[in-house]
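Trainee: I'd like to learn how labels such as "buried" or "salt bridge" get attached to a structure. Could you go through one with me?
Mentor: Happily! Here it is, and you can ask me about each label as we go.

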Amino acid sequence: MIHISSPIKTFTMDYFGKHCAEATLEDGHKIFIDGAKTGYQEIQIWDKENTLVFNRLIYTNTKHEWIHLLAGRLKIHFYVYETTVGHMHEMIIPHDVGKMCTVRRLGE
């Protein structure tokens, strides 16, 4: 299970190309989203010690997992698998420095 709640320190995004994004949070976490693969987005979350804590390709053409570019934020729904059970998580990454970034399991 992943749970992060921290303000945005830096945010960059390629809005017109591959739709890649990078966010650094005040607590030291780094989030990378790479859309270089057609139909897939790679999500990586690194902790403050530069240890990869989450790495997954999500197939964005499904009704369950998706990435939406909304007004001023990215909203992502994806599964985190623990053994054989998947738990739906939501990630909200605002584009503005100082606003709160959250990654949480839905239903909690």
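Trainee: Why is Phe16 called exposed?
Mentor: The model we have here is a predicted one, and in it Phe16 has a relative accessibility of 81%. Exposed means over 50%, so Phe16 earns that label. You will find Phe16 in the loop between β1 (4-13) and β2 (21-25).

Trainee: What makes a nonpolar surface patch together with Phe16?
Mentor: Tyr15 and Leu69 join Phe16 there, and the patch covers about 370 Å².

Trainee: Moving on to cysteines, how do you know that the structure holds 0 disulfides?
Mentor: Look at the sulfur of Cys20: the closest cysteine sulfur, in Cys101, is 17 Å away. A disulfide needs the two sulfur atoms within 2.5 Å, so 17 Å is too far for a bond. From the side of Cys101 the closest cysteine sulfur is the one in Cys20, again at 17 Å.

Trainee: Are those cysteines buried or partly exposed?
Mentor: Cys101 has 0% relative accessibility, so it counts as buried. Buried means under 20%, and Cys20 has 22%, so Cys20 counts as partly exposed.

Trainee: What makes Phe54 and Phe78 an aromatic pair, and why is the pair called tilted?
Mentor: Their ring centres are 5.3 Å apart, and the cut-off for a pair is 6.5 Å. The angle between the planes is 45°; tilted covers what is neither under 30 degrees nor over 60, so this pair is tilted. Phe54 belongs to strand β5 (residues 52-59) and Phe78 to strand β7 (residues 73-82), so the pair ties together parts that are 24 residues apart in sequence.

Trainee: Why are both of these rings called buried?
Mentor: Phe54 has a relative accessible area of 8% and Phe78 has 0%. Buried means under 20%, so the label fits Phe54 and Phe78.

Trainee: The structure holds 2 aromatic pairs. What makes the pair of Tyr79 and Tyr81 tilted?
Mentor: The planes of Tyr79 and Tyr81 stand at 35°, so the pair is tilted, with centres 5.9 Å apart. Tyr79 is partly exposed at 22%, and Tyr81 is partly exposed at 48%.

Trainee: Now for charges. Why can side chains pair up at all?
Mentor: Side chains of opposite charge can pair when their charged atoms come close. This structure holds 4 salt bridges.

Trainee: How do you know that Arg56 forms a salt bridge with Glu65?
Mentor: Their closest N and O atoms are 2.6 Å apart. The cut-off is 4 Å, so the pair counts as a salt bridge. Arg56 and Glu65 are both buried.

Trainee: What makes Lys75 and Glu90 a salt bridge?
Mentor: Here the closest N and O atoms are 3.5 Å apart, and that is within 4 Å. Lys75 lies in strand β7 and Glu90 in strand β8 (residues 85-94), so the pair ties together parts that are 15 residues apart in sequence. Lys75 is partly exposed at 22%, whereas Glu90 is buried at 8%. Lys75 and Glu90 are also linked with Arg104 in a network of salt bridges.

Trainee: And what makes Lys99 and Asp96 a salt bridge?
Mentor: The N to O distance is 3.5 Å, again within the 4 Å cut-off. Lys99 is partly exposed at 47%, and Asp96 is partly exposed at 38%.

Trainee: Why is Thr24 called buried?
Mentor: Thr24 has a relative accessible area of 16%. The limit is under 20%, so Thr24 is buried. Thr24 sits in strand β2, and, leaving aside neighbours within four places in sequence, Thr24 is in contact with Ile8, Lys9, Thr10, His29 and Lys30.

Trainee: Why is Arg73 called partly exposed?
Mentor: Arg73 has a relative accessible area of 33%. That value lies between the 20% and 50% limits, so Arg73 is partly exposed. Arg73 is placed in strand β7, and, not counting residues up to four places away in sequence, Arg73 touches His68, Ile92, Ile93, Pro94 and His95.

Note on methods: Residues numbered from 1 in each chain as written. Predicted model: local features only at pLDDT ≥ 70, side-chain atom pairs only at ≥ 80, totals over all residues. Heavy atoms only, no water. Buried < 20%, exposed > 50% of the residue type's maximum accessible area, 1.4 Å probe, protein only. Phe/Tyr/Trp six-rings, centres within 6.5 Å; stacked < 30°, edge-to-face > 60°. Helix = DSSP H or I, 4+ residues; strand = E, 2+ residues; numbered from the N terminus. Patch = residues over 30% accessible without salt bridge, like charges linked within 9 Å, V, L, I, M, F, W, Y side chains within 5 Å. Areas by Shrake-Rupley, 256 points an atom, 1.4 Å probe, with all protein chains shown as cover. Salt bridge = Lys/Arg side-chain N within 4 Å of Asp/Glu carboxyl O. Contact = heavy atoms within 4.5 Å.
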